[in-house]
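Here is a quick walk through the fold, strand by strand and then helix by helix. Have the model open alongside and follow the pairings as they come up.

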Amino acid sequence: MADNEKTSTSDISKKGDRSDLDSYHAKRRRMRRDKAQERRDKAMGIKNHGAERSRVQRPKITGNFEHGPCIYGLHTVRAALQNPDRQLRGLMVTQNALQRLTDGFDGEVGANLDALPAAPDVVEPSKLDKLVGSDADHQGCVLLVEPVEPKPFSALAEHRTILALDQVTDPHNVGAIMRSAVALGCGALLTTSRYSAAQTGALAKSASGGLDMIDFEEATNLAGAIEELHAMGFQSLGLDSEGVKDFSDSLTDFQSDQPLLIIMGAEGKGLRQRTRETVGTLARLDMPGPIKSLNVSNAAALALFCVHRHRLG
């Protein structure tokens, strides 16, 4: 800012104009918020801040931690290091986190760092804060990666349970759903190519390693993908508040070993009309308490648990 443009709070106060003083401080706060948001967006691979921010673009990997998608958190990084299909670009880590990764934690063996293209860059926590944002719970490790490449769509036939999300966009919800899906034995997560969550650091952290433990597929046309899965032998159930039967009751119509496709819509709008018309069965989740609806990630966990119990017989 040029010297003739500088304005101190004391100069404003001398003028006695309180509104100007408020405007000055408001502008300073906005500048700090915008800079913090830009740092977070950069770490998650998001360009076009502001009005275009919701349109996530996956940048080309350059091998520099200032560019490309980063994932963070001990469980997330360990799972990525152990995934033979994951392309790794580099690890930035604190000394303490490096020891936990190599020695093991939570009763699991340590991660093998041989897949890294170079030795880990040991840094102070403050450097990681600047990279991914001080509000990101990086736990002392940040891994530069390529997005997980999907398998051929035909490979979905090997799974017994697939969960599909119809335009669920929040990365924290999708990450939580992915974590529950892995925990409850779901083989694959299917999302729409547009209006869905990208493989950002926030999604990967919420998934707690699940991103590297489940097949993650995208469909340009979800209704068409559902029809293809029908042809592979899957029966489909869509979660909808207007479903004729409760979800648990609907499961009794199928054999315990029947390949199942569960479809869930975004919070608020639910399943799109074309999706509703394509699924084999519309079912609802009946809640016994006074609150009758759940967050989409909680509803997904409950539905998958019902499927797990059904398969046990």
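Let's start with strand β6 (residues 188-192), which runs parallel to β7 and is joined to it by five bridges. One contact point to look for is Thr192, whose bridge partner in β7 is Ala219. Helix α11 (residues 296-312) packs on the sheet, where it touches β5 (161-166) and β10, and its direction makes about 165° with that of β10. Keep in mind that this is a predicted model.

Zooming out, the sheet is an open one of seven strands with parallel pairing, in the order β7-β6-β5-β10-β8-β11-β9. Its edge strands are β7 (215-219) and β9 (245-246), each of which pairs on one side only.

Now for β8 (residues 235-239). Four of its five residues are buried, so the rest of the structure largely encloses this strand. Its two pairings look like this:

| Partner of β8 | Sense | Bridges | Example pair |
|---|---|---|---|
| β10 (residues 260-265) | parallel | four bridges | Gly238 opposite Ile263 |
| β11 (residues 281-284) | parallel | three bridges | Leu237 with Thr281 |

Away from that sheet order, helix α3 (residues 74-81) is worth a click. How many of its eight residues are buried? Seven of them are, so to speak, under cover: α3 is mostly covered. The buried set is Leu74, Thr76, Val77, Arg78, Ala79, Ala80 and Leu81. As for what does the covering, the list includes β1 (70-72), β2 (88-93), α4 (95-103), β4 (141-145) and α7 (201-207).

What about the cysteines? Searching the whole structure turns up zero disulfides. Cys186 has a relative accessible area of 6% and Cys306 one of 16%; both values are under the 20% cut-off, so Cys186 is buried and so is Cys306.

Finally, some whole-chain numbers. The chain carries 11 helices and 11 strands. Of its 313 residues, 45% are buried. Take the contacts between residues at least 6 apart in sequence: 80% of them join residues at least 24 apart. The accessible surface adds up to about 16,700 Å², and carbon and sulfur atoms account for 46% of that.

Definitions and conventions
Residues numbered from 1 in each chain as written. Predicted model: local features only at pLDDT ≥ 70, side-chain atom pairs only at ≥ 80, totals over all residues. Heavy atoms only, no water. Buried < 20%, exposed > 50% of the residue type's maximum accessible area, 1.4 Å probe, protein only. Helix = DSSP H or I, 4+ residues; strand = E, 2+ residues; numbered from the N terminus. Contact = heavy atoms within 4.5 Å. Pairing = 2+ DSSP bridges. Disulfide = S-S within 2.5 Å. Areas by Shrake-Rupley, 256 points an atom, 1.4 Å probe, with all protein chains shown as cover. Axes fitted to C-alpha atoms, helices over the stretch in contact; angles between N-to-C directions.
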